[in-house]
Amino acid sequence: MGLTRPLPLRLRADGAYLVTGAFGALGRLLCRTLVRRGARRLVLLGRTGVPERGAWRRLDPGGPEGRRVAFLRELEALGAEVLVAAVDVTDAAAMEGWLAGRRAAGLPPVRGVFHLAGQVRDVLLPSLDREAFDAGYGPKVHGGYLLHRLLREEPVEHFVLFASVASVLTTAGQVNYAAGNAFLDALAHHRRALGLPALSLDWGPWATGMIEELGLVAHYRDARGMSSLAPEAGMAVLERVIGQDRAQLLVATVVDWPVFLAWYPTRRRWCRRWPPRRPRRSRRGRAAVCSTRSAPPTSRRVRRW
Ligand SMILES: NC(=O)c1ccc[n+]([C@@H]2O[C@H](COP(=O)([O-])OP(=O)(O)OC[C@H]3O[C@@H](n4cnc5c(N)ncnc54)[C@H](OP(=O)(O)O)[C@@H]3O)[C@@H](O)[C@H]2O)c1
């Protein structure tokens, strides 16, 4: 699919790397990777903060706050300076206030943005109310757009959006989540058209995080033909694709193409040409990395569905 040759990811010690949804399963993995690759200043953004440092000793290490603090200590032990921003990424005033505070304090510029904040709230259309719609849609759409708008003046080199295969593959009950992730894909294309860095990653299921917590790993494997990405494999893919000249990449481990394609009635049209050029490899469960830009014209028709 025309990726340029791999270069080791090298991050800068003189800038800050902002991770939204940083205390989630993938956020934690990512933060560790960023520090290992040279980041020395991290901003961990999520709605839930951590207590003041003076109170850390009294926390139950097995409780949610104790686990968040243990994670901060781990990053510090790896050499990072970590700031926590307890901010709802969909709240424009709170985001503006947080950024103004950073600038007033003369903190280092933001060099990387990794937008992972998100929620899954699957509801079939007849039962979908505003609250449920916003839960899946808001962090992706309002959050993604606010990051784009508010950080325009920062010297951002990486603007990575954690989206989902849900934006290109239909799943019943995920209209809110699909719309939110499709917006992230569109935002990445928009930014690149403006000459700004952006990469939207449409991840398939991971073996950790929201899919695993919702007990959907077996569903994706047996009913959708996709196995779950192991954490280290997913992070290796991220490091491989992060500097690529692509706005959008789909990353999923398809282990059973017939099951995977059976969901799509017009599958023959794109099955002919689209990923399974080497089907035997795919059946063994190699991650498929596909770019909508590099796909043949027949496969682009999939977007009409
Ligand atoms: N895990 C997977 O299999 C998978 C597959 C495809 C795509 N993805 C995408 O990858 C991202 C991370 O997934 P994950 O599995 O790590 O999820 P997760 O463990 O549920 O973590 C999500 C994080 O987002 C934060 N968050 C939610 N709404 C927020 C808001 N309005 N403002 C700020 N922070 C907010 C949550 O923290 P608070 O509740 O404290 O705010 C939480 O820490 C998501 O965007 C997801 O769509 C994941």
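Reader: What makes up the secondary structure of the protein chain?

Author: In this predicted model, the chain has twelve helices and nine strands. A run of DSSP state E counts as a strand from two residues up, and β4 covers residues 110–115, so β4 is called a strand.

Reader: Why are β2 and β3 said to pair?

Author: Two strands pair if DSSP finds at least two bridges between them. Strand β2, residues 41–46, and strand β3, residues 81–86, share six bridges, so they count as paired. Their sense is parallel. As an example, Leu45 stands opposite Ala85 in β3.

Reader: What lies with β2 and β3 in the β-α-β unit?

Author: Helix α2, residues 64–77, completes the unit. The unit is right-handed, which means that, with the strands pointing away from the viewer, the path from the first strand over the helix to the second runs clockwise.

Reader: How do you know that β4 pairs with β1 and with β5?

Author: The cut-off is at least two bridges. Five bridges join β1, residues 16–20, to β4, and four join β4 to β5. Both counts meet the cut-off, so both are pairs. The strands run parallel in the β1 and β4 pair and also in the β4 and β5 pair. Leu18 has Val113 in β4 as its bridge partner, while Phe114 has Val160 in β5.

Reader: What makes β4 mostly covered?

Author: Six of its six residues are buried. That means each has 20 or more other C-beta atoms within 10 Å of its own. For the chain of 305 residues, the buried share is 37%.

Reader: Why is a set of 70 residues called a nonpolar core?

Author: Its members are called a core because they are buried residues of the listed nonpolar kinds, joined through C-beta atoms within 7 Å. The largest such core has 70 residues, and among those with the most contacts inside it are Tyr17, Leu18 and Leu44. Helix α5, residues 175–193, gives the largest share, eight residues. In soluble globular proteins, nonpolar side chains tend to be buried together.

Reader: Which residues does Leu44 contact, leaving aside its neighbours within four places in sequence?

Author: They are Val19, Ala22, Phe23, Cys31, Val82, Val84 and Ala85.

Reader: What surrounds the ligand?

Author: The shell has 26 residues, and Gly21, Gly24, Arg47, Gly118 and Gly209 are the closest. Helix α1 supplies the largest share, three residues. The shell divides into 13 nonpolar, eleven polar and two charged residues. Gly counts as polar, so Gly21 belongs with the polar ones.

Methods. Residues are numbered from 1 along each chain as its sequence is written. This is a predicted model: local features need pLDDT of at least 70, side-chain atom pairs count only at pLDDT 80 or more; totals for chains, interfaces and linings use all residues. A residue is near a molecule or strand if its C-beta atom, placed from the backbone, lies within 6 Å of it. A residue is buried if 20 or more other C-beta atoms lie within 10 Å of its own, exposed if 12 or fewer, and partly exposed in between; C-beta atoms are placed from the backbone. Two residues are in contact if their C-beta atoms, placed from the backbone, lie within 7 Å.
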